[in-house]
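Work through the exercises below with the sequence and the model in view. Each task is followed by a solution in steps.

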Amino acid sequence: MTPSLEYERQTAAETLRLITEGVDPWLALGQFLDDWRGEKLAQRPGLVSEPLPDVSHGYLRWAALLAAAVDYLCAEEGLPAPPWTSRPEYWLGEPWFLYPGWRLRAWQLVETPVPFRMRNIFGGDRILERV
Amino acid sequence: MVVGVWQECPGLRVYAPHPSYIFAMKAVAGRPEDLNDLRALRDSLDLTSAAEALALVTRYVPERLLTPRVQYLIEDLFDDTEP
C-alpha cells in the first residue's frame with residue numbers, strides 16, 4: 001500500500017495528545033497555530049471540532065489554554081466556538097500567569113484577551129504570536 | 001558577530017546566529033514560549049545581571065525600540081522574588 005503523502009494538519013485534540021506524550025507544549029501549540037492559520041477558513045472548524053481528550057490534573061492547564069486559544073481563534077474569524085471549549089474544568093481554580101515575575105503582572109492582567117482571562121489564564125497579548 | 005559558521009563539510013556550510021543575537025531577538029519578541037529559551041541563554045552566556053543583559057540587547061536593537069515590557073521581562077529573568 002502506498003502511504004499517503006498528503007499533509008495532515010494538527011487538530012486541537014491532537015495538540016493536547018502530543019503534550020501528554022511529552023512534546024514541548026509551546027512547540028505543540030505552535031504547530032497547531034501554524035496549521036490553523038495555513039488552513040482555508042471553511043476547513044478550520046474541522047481542526048477544532050473534536051473535543052479535547054480527558055487528561056490528568058497536571059495537564060489541565062494546557063487543556064484550558066487550548067480551549068481559550070480555540071475560543072479566541074474562532075472569534076477572530078467569526079466562527080462559533082465549539083461547545084467543548086465551555087467545559088467547566090477549563091475554568092482554572094487558580095490564576096495561571098504565564099510570565100511568573102511580578103513586573104509583568106499588571107500588563108498581563110490588562111492585556112490578556114478575554115477568552116484567556118475568563119479561564120483564569122494571564123499572559124498578555126502575545127500568547128498566540130508565532131514570530 | 002551576528003552569524004557564524006556552525007558546521008562545515010564538503011559542499012555544505014551551516015551558519016548559525018550567535019547566542020547573544022538569539023537572546024536579543026527572543027527578549028524583544030517576548031512571547032511566553034521564549035521564557036525557557038531566555039533562561040537557558042542567560043545561563044549559557046553567563047549573564048549575571050539585568051543591566052548586562054540589557055546592554056547586550058542594545059548591541060542589536062536600538063534603545064528607542066525597547067519598550068518597558070522588554071525591560072521588565074529582562075529584569076524578571078534575574079529576579080526570583082515572588083510577586
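**Exercise 1.** Place A:Trp62 in chain A and decide whether it is buried or exposed.

Solution. Step 1: A:Trp62 is found in helix H4 of chain A; helices (H or I, at least four residues) and strands (E, at least two) are DSSP runs, numbered from the N terminus. The model is a predicted one, in which local features need pLDDT of at least 70, side-chain atom pairs count only at pLDDT 80 or more, and totals for chains, interfaces and linings use all residues. Residues are numbered from 1 along each chain as its sequence is written, while chains are lettered from A and ligands numbered from 1 in the order in which they are written.

Step 2: A residue is buried if 20 or more other C-beta atoms lie within 10 Å of its own, exposed if 12 or fewer, and partly exposed in between, with C-beta atoms placed from the backbone. A:Trp62 has 20 C-beta neighbours inside 10 Å, so A:Trp62 counts as buried.

Step 3: Leaving aside neighbours within four places in sequence, A:Trp62 is in contact (C-beta atoms, placed from the backbone, within 7 Å) with A:Leu16, A:Ile19 and A:Pro25.

**Exercise 2.** Which residues of the largest nonpolar core touch the most other members?

Solution. Step 1: A nonpolar core is a set of buried Ala, Val, Leu, Ile, Met, Phe, Trp, Tyr and Cys residues joined through C-beta atoms within 7 Å.

Step 2: The largest such core has 42 residues, and those touching the most other members are A:Ala12, A:Ala63, A:Leu66, A:Ala67 and A:Ala69. Helix H4 (residues 60–76) of chain A supplies the largest share of this core, 10 residues.

Step 3: Not counting residues up to four places away in sequence, A:Ala67 touches A:Leu52, A:Thr85, A:Tyr90 and A:Arg119.

**Exercise 3.** Describe the two faces of helix H2 (residues 35–44) of chain B.

Solution. Step 1: B:Leu38, B:Leu41 and B:Arg42 are the buried residues of H2(B). Seen down the helix axis, they fall within an arc of 105°, so they line one face of H2(B); the arc is that of the directions from the helix axis to the C-beta atoms.

Step 2: These buried residues pack against helix H1 (19–29), helix H3 (50–57) and helix H4 (68–77) of chain B.

Step 3: The face turned away from the buried side carries the exposed residues B:Asn36, B:Arg39, B:Ala40, B:Asp43 and B:Ser44.

**Exercise 4.** Which residue just after H2(B) takes a positive phi?

Solution. Step 1: The residue is B:Asp46, with a phi of about 55°, although B:Asp46 is not a glycine. Most residues other than glycine have a negative phi.

Step 2: B:Asp46 is found in the loop between H2 and H3 of chain B. With 7 C-beta neighbours inside 10 Å, B:Asp46 counts as exposed.

**Exercise 5.** How do strands S1 (residues 3–9) and S2 of chain B pair?

Solution. Step 1: Two strands pair if DSSP finds at least two bridges between them. S1(B) and S2(B) pair in the antiparallel sense over 6 bridges, and B:Val5 stands opposite B:Tyr15 in S2(B).

Step 2: The two strands form a hairpin with 2 residues between them, and B:Gly11 in the turn has a positive phi of about 85°.

Step 3: Of the 6 residues of S2(B) (residues 12–17), the number buried is 0, so this strand lies largely in the open.

Methods. Contact = placed C-beta atoms within 7 Å.
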